Structure formats: C-alpha cells, structure tokens
Amino acid sequence: MNKEENKEVDYNHEEVESWLQEIGEVLGYYTYPEFGDEQYRFDIVYKLFNSEKQPPVAVFEVVDSNTVDNSLSRLFYAYRTFRPEGLYLKF
C-alpha cells in the first residue's frame, strides 16, 4: 500500500451536506437543508411529501469534532419532536 492509498481525505461541512441532499433527492425524498424551528436547526432532513406539516422521516447532522454535544442535543430534540425513522450523525 503506498502513501496515497492510506491518506485520509477531509471534506468540509458544506460538501457533506450537499452530498446528503443529492442522495435524498435521488432516493425520491424531498430534502430540506437547514430545516428547523425557533429552537433548533438541522443540517438536512428528508420528507416523504413537500409539506410543512409533514414531519421528516430522516434527520442528518454533520459535525465537526467540537460540535458533537450540540449535534446530539439537536438529534434528541428531533427524536422527541418529529419521531423520524432515522437519526444520523456524520463525522
């Protein structure tokens, strides 16, 4: 294995968010970046229908190493509020 094969790649927050949004659209979901209410904002959510009343079926948080606690708090809030089928934390 040479050095390039073992090299870790570091992607920024916005790149990962755009990938998650694109994946959701390909899978047929309505995707909403920076979705939230007056208390929390989530990086990306997937919904089955294009409606404000429709709760998300998946909530994604993309975290930096120093924001893990905040991201977990947001995901816990999403679970209590929306009861999505999936909660995802991406480092």
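## A lone salt bridge

A salt bridge is a side-chain nitrogen of Lys or Arg within 4 Å of a carboxyl oxygen of Asp or Glu. The model here is predicted, and by that rule it has 1 salt bridge. Which residues form the salt bridge? Glu61 pairs with Arg74, and their closest N and O atoms are 3.0 Å apart. The two come from distant parts of the chain: Glu61 belongs to strand S3 (residues 58–62) and Arg74 to helix H3 (residues 68–82), with their positions 13 residues apart in the numbering. Are Glu61 and Arg74 buried or exposed? Both are buried.

As a bit of background, side chains of opposite charge can pair when their charged atoms come close.

## Strand S3 and its neighbours

Now have a look at the strand that carries Glu61. S3 is mostly covered, with 5 of its 5 residues buried. In a regular strand, side chains alternate between the two faces of the sheet. Here, Ala58, Phe60 and Val62 point one way from S3, while Val59 and Glu61 point the other way.

S3 also has strand partners. It is joined to S2 by 3 bridges, and those two strands run antiparallel. One detail of that pairing is that Ile44 has Phe60 as its bridge partner in S3. With S4, S3 shares 5 bridges, and this time the strands run parallel. Phe60 turns up here too, standing opposite Tyr88 in S4.

## Rings that pair up

How many aromatic pairs does a search of the whole structure find? It finds 9. One of them is Tyr29 with Tyr46: the ring centres are 5.2 Å apart and the planes meet at 20°, so this pair is stacked. The cut-off behind that word is that planes under 30 degrees apart count as stacked. Tyr29 sits in the loop between helix H2 (13–26) and strand S1 (30–36), while Tyr46 is in strand S2 (residues 41–47), so the pair links parts of the chain 17 residues apart. The two rings don't get equal cover: Tyr29 is partly exposed at 28% relative accessibility, whereas Tyr46 is buried at 4%.

Phe60 and Tyr88 make another stacked pair, because their ring centres are 4.8 Å apart and their planes are at 20°. Phe60 is in S3 and Tyr88 is in S4 (residues 86–90), so this contact ties together parts that are 28 residues apart in sequence. Phe60 is buried, with a relative accessible area of 10%, but Tyr88 is partly exposed at 42%.

There's also a cluster. Ring pairs link Tyr32, Phe35, Tyr40, Phe42, Tyr77 and Phe82 together.

## Charges sitting over rings

Rings can have charged company as well. Tyr32, one of the residues in the cluster, has the charged end of Lys47 over its ring, 5.0 Å from the centre. In a second case, Arg83 lies over the face of Tyr79, at 4.4 Å from the ring centre.

## A nonpolar patch on the surface

Finally, let's move to the outside. Which residues make a nonpolar surface patch of about 420 Å²? They are Tyr11, Trp19, Ile23 and Leu27. Take Leu27 as an example: it lies in the loop between H2 and S1. Why does Leu27 count as exposed? Its relative accessibility is 57%, and the cut-off for exposed is over 50%.

Technical notes:
Residues are numbered from 1 along each chain as its sequence is written. This is a predicted model: local features need pLDDT of at least 70, side-chain atom pairs count only at pLDDT 80 or more; totals for chains, interfaces and linings use all residues. Side-chain values use heavy atoms; hydrogens and water are left out. Helices (H or I, at least four residues) and strands (E, at least two) are DSSP runs, numbered from the N terminus. Buried means under 20% relative accessible area, exposed over 50%, partly exposed in between (1.4 Å probe, protein chains only). Rings of Phe, Tyr and Trp (its six-membered ring) pair if their centres lie within 6.5 Å; planes under 30 degrees apart count as stacked, over 60 as edge-to-face and the rest as tilted. A charge sits over a ring if NZ of Lys or CZ of Arg is within 6 Å of the ring centre and within 35 degrees of the ring normal. Patches are made of residues with over 30% relative accessible area and no salt bridge: like charges are joined within 9 Å, nonpolar side chains (Val, Leu, Ile, Met, Phe, Trp, Tyr) within 5 Å. Accessible areas come from the Shrake-Rupley method with a 1.4 Å probe; for residues, only the protein chains shown count as cover. Two strands pair if DSSP finds at least two bridges between them.
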